[in-house]
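Let's take a walk through this model together. Please keep the sequence and the 3D view at hand as you read.

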Amino acid sequence: MNKKPLIALLSLLISGTTLWAQNLVKLLPGKDTVTINKHIYGHFAEHLGRCIYDGIYVGEDNKTVPHTNGVRNDVIEALKKLNIPNLRWPGGCFADTYHWKDGIGPKGKRPSIVNTWWGGVTENNSFGTHDFLNMCELLGTEPYLAGNVGSGEVQELADWVQYVNFDGKSPMSDLRRENGRDKPWKVRFWGVGNEAWGCGGNMTPEYYADVYRKYATFMSDWTNNGGLFRIASGANSDNYEWTETLMKKIPKSLVKGLALHHYAVIDWQKKGSATMYTDEQYFKTMKSAWFMNELVEKHSAIMDKYDPKKEIALVVDEWGGWYEVEPGTNPGFLYQQNTMRDAMIAGMTLNIFNNHAERVQMANLAQTVNVLQAVILTEGDKMLVTPTYHVLEMYKVHQDAKLVPIEVNSQNLSFNGESIPAVSASASIAKDGNAHISLVNIDPKKQQEVTIELSDKEYKNLSGRLLTSKKLRDFNSFEKPDYIKPEVFKGGNIKNNQISVTLPPFSVAVLELN
């Protein structure tokens, strides 16, 4: 028997297996015409648990925590480093029970309210419209106000728009001036209700579409002279009927954005620990996070039928991981720790948004401080930033950069017969001409070798940053606040316009090329 053909065949099979096992990212040349809107990197601060009170706002009389008008200075400085483009407030479910006039005027005269959604606590409305909008000015970020449709009235929302936006003489602008603010804030982003399918009123999509049309009409004149970016309460995860109905029934002249909410949840009845999760729970979380890609594609396809020019944005204004609260904390406060699993959610999700930037124009991580997948945790006068924070800080290079379309062929992460891609990526070119490629390896045990084929543009120098840790379940604590932080990435090299990268298990890398 001639063994040479057999040897040749075995060599071919081995070679083919090697090629197949390789992760390949291709940058597609000549198609970088879409801008990654910086508003994809937005945040969300709800009157929920310790997000506002004791998180962002400690009160003007606080003597132990440095603050500016009651807002923590350390939180402001940390958020500034993220270049956060917009901040959504006051909810969430809370928005449809919030009456903005309760939160203006002398603080000692403001009525107290009961937060029926989150813990049944009584709050004194000491953090209201002026406090929030002035804080946004400190941050250099655009406010995104969520209006009360569920328990409010059209006039109430119309008055709020006039109060914060009108520069002339009117009852609401005069009231604003009486409360110490002469010039309006000129708020552009407005949510018309929140989760109308659930906590916002348990409405049908047909009914909400009519309600939306009414509210949107009275928020501005018929030409939308104020330039409001009105956002409709959109679908819950894969409720495609909701998106179809709203796109069909709401005229494009009345809407600029359609919301979408999706959380990476294992099981709504048994969400699991934020830190002591099993390998199976980790995989299920990653699978739920990766489902965002399918959601964005399918909701976008429906929107394309009615809006082929993509004039209406898909606004994913609630996303992130959701687990059981930390032991010993109020179940209604949704306080959870933040491990490397959350960094995986953040990196993967932001890659999805970047790659669909033609339709996804805005998104809001839930939530900013001390709630759900927070970027910041506080305890008394102490503050720390989480692994999720570091991902957003690393990814800020994509804000308002030109999207570079890519093709990704990835090995799979498999568990119990199910599989999802182990590697995700996105790429962009900044205004200074430097290219950035963000890579995520969600495999908890295996490093991934990745080959990146660049486009026809020549790059000579490669640098980068890496976020990983010793163990998947590691997190930053108040005892070790800097245990997880980015480091210089040394696992890549560039040659002949091709990059070879070694990604450690459960890691996020952002490469820079020039």
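The paragraphs below go from strands and sheets to a serine in a loop and then to a pair of helices.

A word on the ground rules: this is a predicted model, in which local features need pLDDT of at least 70 and side-chain atom pairs count only at pLDDT 80 or more, while totals for chains, interfaces and linings use all residues. Residues are numbered from 1 along each chain as its sequence is written, and side-chain values use heavy atoms, with hydrogens and water left out.

Start with the open sheet of six strands, whose order is β16-β20-β21-β27-β23-β24 with antiparallel pairing. Its edge strands, each pairing on one side only, are β16 (402–403) and β24 (487–488). Strands here are DSSP runs of E with at least two residues, helices are runs of H or I with at least four, and both are numbered from the N terminus; two strands pair if DSSP finds at least two bridges between them. Within the sheet, β20 (residues 423–429) and β21 (residues 435–441) are joined by seven bridges in the antiparallel sense. Ala-425 has Leu-439 in β21 as its bridge partner.

Now add the helices. Helix α10 (residues 387–395) packs on the sheet and touches β21, β23 and β27, with its direction at about 160 degrees to that of β23. Helix α9 (residues 340–355) lies across β16, β20, β21, β23 (462–467) and β27 (507–513), at about 50 degrees to β20. Axes are lines fitted to C-alpha atoms, for helices over the stretch in contact, and angles run from 0 to 180 degrees between N-to-C directions.

Elsewhere in the strand pairing, β1 (residues 23–27) runs parallel to β22 (residues 448–453) over four bridges, and Lys-26 is partnered with Glu-453 in β22. On β22 you will also find an antiparallel pairing with β26 (residues 498–503), over six bridges, where Val-450 stands opposite Val-501.

Is Ser-469, in the loop between β23 and β24, buried or exposed? Ser-469 counts as buried because its relative accessibility is 16%, and the cut-offs are under 20% for buried, over 50% for exposed and partly exposed in between (1.4 Å probe, protein chains only). Beyond its neighbours within four places in sequence, Ser-469 is in contact (heavy atoms within 4.5 Å) with Met-340, Asp-474, Tyr-483, Ile-484 and Phe-506.

Finally, look at α4 (residues 154–165) and α6 (residues 205–219), whose axes come within 9 Å and cross at roughly 35 degrees. Val-154, Leu-157, Ala-158 and Val-161 of α4 meet Lys-214, Tyr-215, Phe-218 and Met-219 of α6.
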